Amino acid sequence: MQSIDQFFPLLATPQKAVITMHQKPDGDAMGSALGLYHFLQALGHEVTVISPTNWASFLNWLPGCDKVVDYETNREKSAQIVNATDWLFCLDFNVLHRTKNMEQLLTQASCTKILIDHHQQPQEEAFQYGVSNTAKSSTCEMVYDFIAASGYADKLDITMATCLYTGIMTDTGSFRFPATSAHVHRVIAHFKDLGLEHTLIHQYIYDSSLETRLRLLGNTLLNRMEVLYEYNTAIMVVPKSDLLRFDAKTGDTEGLVNYLLSIQGIKLGALVIDRDEERKWSFRSKDGFDVNAFAREHFEGGGHKNAAGGRSSDSLDQTVRKFKQVLQQYEAQLQ
Ligand code: 5GP
Ligand code: MN
């Protein structure tokens, strides 16, 4: 993988570009894809954003979101676009299998592949150009850096800033997590100078739930949470029946896992959701416990040191039992 600086001279010639991100894109994945989309369009490229799956409706207001192609419901059209593209930008994921059912299409594509990502252990051999930096708060911050260093920094506008702010805000827990550097605050100051309406964006993302989502949260906290004090760990187990009862939509379980770390002394929070195709794990930690390593080792996943995800094909009961079993190996680390 060559450094991203080597790619910048190519931006001068109009090309076809596809931008994609990890499945079930969150604020950072969708925000970075759309921020880059508007930038590449401003340079005269022909750009399509293809998402591997659907996404949470609280992202729909993002400028350009209505143009995003959902691979799962447009497989043929997506394949045509990918097979005809010159460039494929892969944003906010480190390995191609994070695009789920799109992995094969992306692997066999013969175009130039460019990675922009902040997860650990990237699959470098799959990309011709790229930047991978785990110290970055978000892929949105990295797309800002990309624009700033590209030679076309003057193209940055309020539309791009709105998209990029969204992912920086969501991935930093609203400017709370350690990766919220002085640079991040300077980037936001630049966005404000362009006219960014940060209060509106916060409302679009965080004040747009339906009543059912809050009922699901209440039920999960009351009935589906267990605190394992001997391991300084708390766990939430959400069965399929809850998802049906509260009519859960994509994104409705986002943020649930964070409540676990708000309990005094808790160093590891784990949430497992009984999805149709798999049991999906989310892990969060503080005080040094490495959930990236934990998720890689035991749950086919990964992510960052303090926020990672994983999966299992076991039944819900089985995977929870396995979690409690492997936890025993970490008793000393969790003290
Ligand atoms: P979340 O728990 O919010 O779904 O994910 C937390 C972090 O871990 C995110 O940065 C996400 O991209 C990453 N992540 C989630 N699931 C997986 C997974 O199955 N594999 C890998 N490698 N990373 C994941
Ligand atoms: Mn991210």
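Two strands are said to pair here if DSSP finds at least two bridges between them, and with that in mind I would like to begin with one such pair in this structure, which, I should say at once, is a predicted model. Strand S5, residues 87-91, and strand S6, residues 112-117, pair in the parallel sense over five bridges, and within that pairing Leu88 stands opposite Lys113 in S6.

These two strands belong to an open sheet of seven strands, in the order S1-S7-S6-S5-S2-S3-S4, with parallel pairing. At the edges of that sheet stand strand S1, residues 2-3, and strand S4, residues 69-70, each with a single partner strand, so one side of each is left without a neighbour in the sheet.

Let me turn to the other sheet, which is also open and has six strands, in the order S8-S9-S10-S11-S13-S12, but with mixed pairing. Here the edges are taken by strand S8, residues 225-228, and by S12, and because each has a single partner strand, one side of each is left without a neighbour in the sheet. S8 pairs with strand S9, residues 233-238, in the antiparallel sense over four bridges, and the bridge partner of Val227 in S9 is Ala234.

Now to a helix, H5, residues 158-171. At 1.5 Å a residue, its 14 residues should span 20 Å, and the C-alpha atoms at its ends are 20 Å apart, which agrees. H5 is mostly covered, since twelve of its 14 residues are buried; among them are Met160, Cys163, Tyr165 and Asp171. The buried residues of H5 pack against helix H1 (27-42), helix H4 (139-149), helix H6 (182-193) and helix H7 (198-206). H5 is followed by Gly173, whose phi is positive, near 60°.

That leaves the ligand, and where does ligand 1 lie with respect to domain 1 and domain 2? Domain 1 (2-206) and domain 2 (212-330) both give residues to the shell around ligand 1, so the ligand lies between them. Of the 13 residues around ligand 1, the ones that come nearest are Ser282, Gly301, Gly302, Gly303 and Gly309. The elements that give two or more residues to this shell are strand S12, 302-303, and strand S13, 307-312, with S13 giving the most, five residues. In terms of residue class, the shell has nine polar, two nonpolar and two charged residues.

Technical notes
Residues are numbered from 1 along each chain as its sequence is written. Chains are lettered from A and ligands numbered from 1 in the order in which they are written. This is a predicted model: local features need pLDDT of at least 70, side-chain atom pairs count only at pLDDT 80 or more; totals for chains, interfaces and linings use all residues. A residue is near a molecule or strand if its C-beta atom, placed from the backbone, lies within 6 Å of it. Ala, Val, Leu, Ile, Met, Phe, Trp, Tyr, Cys and Pro count as nonpolar, Asp, Glu, Lys and Arg as charged, and the others, Gly among them, as polar. Domain bounds come from an automatic or database domain assignment. The expected span of a helix is 1.5 Å times one less than its number of residues. A residue is buried if 20 or more other C-beta atoms lie within 10 Å of its own, exposed if 12 or fewer, and partly exposed in between; C-beta atoms are placed from the backbone. Two residues are in contact if their C-beta atoms, placed from the backbone, lie within 7 Å.
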